[in-house]
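Please open the structure in a viewer and follow the stops below in order. Each stop gives a selection and then describes what is found there.

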Amino acid sequence: DFLLNMKIFCVFDFDPDSNVSGFCQEYLRHHAANLHFMRDYMIPSGMTIGEFQSRLHLFEQTSWIFCNGRNDFRGKEPSDDKTWFKTKKTNLKECVSLICKQILPKGTFTLIFLLTSPVEGPLLHTYSEFFSDMEGHEDIMCLSESEDNFEKWQSFAGGSFCDESTVNRSSVVGMKMSHVNATLQRIQSVA
């Protein structure tokens, strides 16, 4: 619920059923959102960044980016990890770079990774792309109810691009999402 009260610029969603039975469906019950695929974040030749922002209605409402297809959208079915890396990894890199370097200036947003299911390669790769394009970890946080999911996350980051203590400082792990939700809703009501 706390996410429903936040001003969200975009969501990178890896759940191909999210629009039907996941967080996207729940979000759409309360807010309007633009539904996109990563390919939609490629600026056509000759288009300015302002024209691109207007075309996708950025800053008007949340952009929901399906990063591994949608089961309810013909021709955009999800991929297994190996196929995703071959066919979608480049789109992710371009999408993240566009958002971090041309649309949202450094330090103007916080990136929250919600680890609600087992951590897979595409999500880990997304983490490393944002870490690189945001030039560090100071505006990235991680929420994970599962300690097992977080350990994989932490191990990947610690073994690849930053130390585990950096990841630990900006993570909430092992707390039930209902407690995270209640705490953040209390903070939001004061703000």
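**First stop: the sheet of strands 4, 5 and 6**

Strands 4, 5 and 6 form an open sheet, arranged in the order 4-5-6 with parallel pairing. Select residues 111–115 for strand 4 and 171–173 for strand 6; these are the edge strands, each of which pairs on one side only. From one strand to the next, the twist averages 10°. This is a predicted model, in which local features need pLDDT of at least 70 and side-chain atom pairs count only at pLDDT 80 or more, whereas totals for chains, interfaces and linings use all residues. Residues are numbered from 1 along each chain as its sequence is written, and side-chain values use heavy atoms, with hydrogens and water left out.

Strands (E, at least two residues) and helices (H or I, at least four) are DSSP runs numbered from the N terminus. Two strands pair if DSSP finds at least two bridges between them. Angles run from 0 to 180 degrees between N-to-C directions, with axes fitted to C-alpha atoms, for helices over the stretch in contact.

Next, select residues 140–144, which are strand 5; three bridges pair this strand with strand 6 in the parallel sense. Within strand 6, Ser-171 is the bridge partner of Cys-142. Then add residues 121–133: this is helix 6, which lies across strand 4 and strand 5 and runs at about 165° to strand 4.

**Second stop: the sheet of strands 1, 2 and 3**

A further open sheet is formed by three strands in the order 1-3-2, again with parallel pairing. Its edge strands, each pairing on one side only, are strand 1 (10–13) and strand 2 (33–37). The twist here averages 20° from one strand to the next.

Select residues 62–66 for strand 3, which runs parallel to strand 2 and is joined to it by five bridges. Phe-66 in strand 3 is the bridge partner of Phe-37. Now show residues 23–30, helix 2: this helix packs on the sheet and touches strand 1, strand 2 and strand 3 (contact means heavy atoms within 4.5 Å). The direction of helix 2 makes about 160° with that of strand 3.

**Last stop: the cavity**

A cavity is a set of points, on a 1 Å grid over the protein atoms alone, where a 1.4 Å probe fits but cannot get out; lining residues have an atom within 4 Å of a point. Which residues line the largest cavity? Select Cys-100, Lys-106, Gly-107, Phe-109, Asp-133, Met-134 and Asp-139.

How values were computed:
On a 1 Å grid over the protein atoms alone, a cavity is a set of points where a 1.4 Å probe fits but cannot get out, and a pocket is an open set with protein on both sides within 12 Å along at least five of seven lines; lining residues have an atom within 4 Å of a point.
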